[in-house]
Amino acid sequence: MASGQSSPLAEHRKTITSESPAKILRRILSSPGLHQTPACFDALSSKLVERAGFNVGFTSGFSISSARLGMPDTGLISYGEIVEQGRLITDAVSIPVIGDADTGYGNAMNVKRTVKGYIKAGFAGIMIEDQVLPKACGHTRGRKVVSREEAVMRIRAAVDAREESGSDIVIVARTDSRQAVSFEESLWRTRAFAEANMLEGGGKTPILTPSELEDIGYKLVVYPLSLLGVSIKAMQDALIGIKSGHIPPVGTMPSFEEIKEIVGFNKYYDEENRYATKD
């Protein structure tokens, strides 16, 4: 990139103050090419996604349940816990974030409350699926889906909640009916409301390259477990080393100065100096 030329992310940030997160997301999705979206699970991981130059963030319910509760993605984490975590994530970044809302946490009325809560939490988009309660991770066993009528009604309720809120949040509908019912059923639901996803690290959907996905016609590809997975492996390796009397070697982790920069110490000190008194 030539000196003095703004990066796409820098240009994106210039519009933040005048555009809603959803409007930014819609503009990104309407732009040419495929957009990669690593999933985050807390404020720090969301900041790392933005610092790496990605224009869109995504919250993974699987990862949030793992990181916040240390429990599996089987419907155990509540709406309140998810939306609280989401608010911390969206507050930490300036890029638009799509929130994983599982089944909407109940019936159509629950879906409406969920959508309105996600709007208030600062999400640019919300993903709602058609599983029954309690839900199961989309790449694990035991998935069952609600009827076509109920599945469509969830999305209708989500749209109504958006209109009632005067918001333009992007509603992403997902179906798990291919495994739960049939491929033909998934096509019917997909035409009605849905978007399919892949899972890195051993899920049930074949892994395709970004260029292959773009050729198929996808606009957004989500990587829901990459950050959580490498974090778990890195922490396991570090703990094994510490237990045997060794600290992580140089090069396996950021320096203390880099850590301070990432979490915002330098920015904090700059702000602190603005309000320093002479006493």
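**A parallel sheet and the cores around it**

Helix H2, formed by residues 21-30, lies across strand S1 (35-40) as well as S3, S4, S5 and S6, and runs at about 60° to S5. This arrangement, like everything described here, is taken from a predicted model.

The sheet that H2 crosses is best read strand by strand. It is an open sheet of 6 strands in the order S5-S4-S3-S2-S1-S6, and the pairing is parallel. S5 and strand S6 (220-223) stand at the edges with a single partner strand each, so one side of each is left without a neighbour in the sheet. On average, and with direction ignored, neighbouring strands of this sheet are turned by 25° against each other.

Strand S3 offers a good place to look in detail. Strands of a sheet pair through backbone hydrogen bonds, in either the parallel or the antiparallel sense. Strand S2 (residues 57-59) pairs with strand S3 (residues 97-100) in the parallel sense over 3 bridges, and threonine 59 has glycine 99 as its bridge partner in S3. S3 is also joined to S4 by 3 bridges, and these two strands run parallel; here isoleucine 98 stands opposite glycine 125 in S4. Between S3 and S4 the chain crosses through H6, and this β-α-β crossover is right-handed.

In a regular strand the side chains alternate between the two faces of the sheet. Within S3, Val97 and Gly99 point one way while Ile98 and Asp100 point the other way, and all of them are buried.

The packing of nonpolar residues completes the picture. The largest nonpolar core has 30 residues, of which Val115, Tyr118, Ile126 and Ile128 touch the most other members. At least two residues of this core come from each of helix H5 (79-92), helix H6 (108-120), strand S4 (125-129), helix H7 (148-165) and strand S5 (170-174). A second, separate core of 13 residues includes Leu25, Val56, Ile98 and Met127.

Which residues does tyrosine 118 touch, if those up to four places away in sequence are not counted? Its contacts are Tyr79, Ile82, Val83, Gly99, Asp100, Ala101, Tyr105, Phe123, Ile126 and Ile169; among these, Gly99 and Asp100 are buried residues of S3 that point opposite ways from the strand.

How values were computed: Residues are numbered from 1 along each chain as its sequence is written. This is a predicted model: local features need pLDDT of at least 70, side-chain atom pairs count only at pLDDT 80 or more; totals for chains, interfaces and linings use all residues. Side-chain values use heavy atoms; hydrogens and water are left out. A nonpolar core is a set of buried Ala, Val, Leu, Ile, Met, Phe, Trp, Tyr and Cys residues joined through side-chain atoms within 4.5 Å. Buried means under 20% relative accessible area, exposed over 50%, partly exposed in between (1.4 Å probe, protein chains only). Helices (H or I, at least four residues) and strands (E, at least two) are DSSP runs, numbered from the N terminus. Contact means heavy atoms within 4.5 Å. Two strands pair if DSSP finds at least two bridges between them. Axes are lines fitted to C-alpha atoms, for helices over the stretch in contact, and angles run from 0 to 180 degrees between N-to-C directions. A crossover is right-handed if, with the strands pointing away from the viewer, the path from the first strand over the helix to the second runs clockwise.
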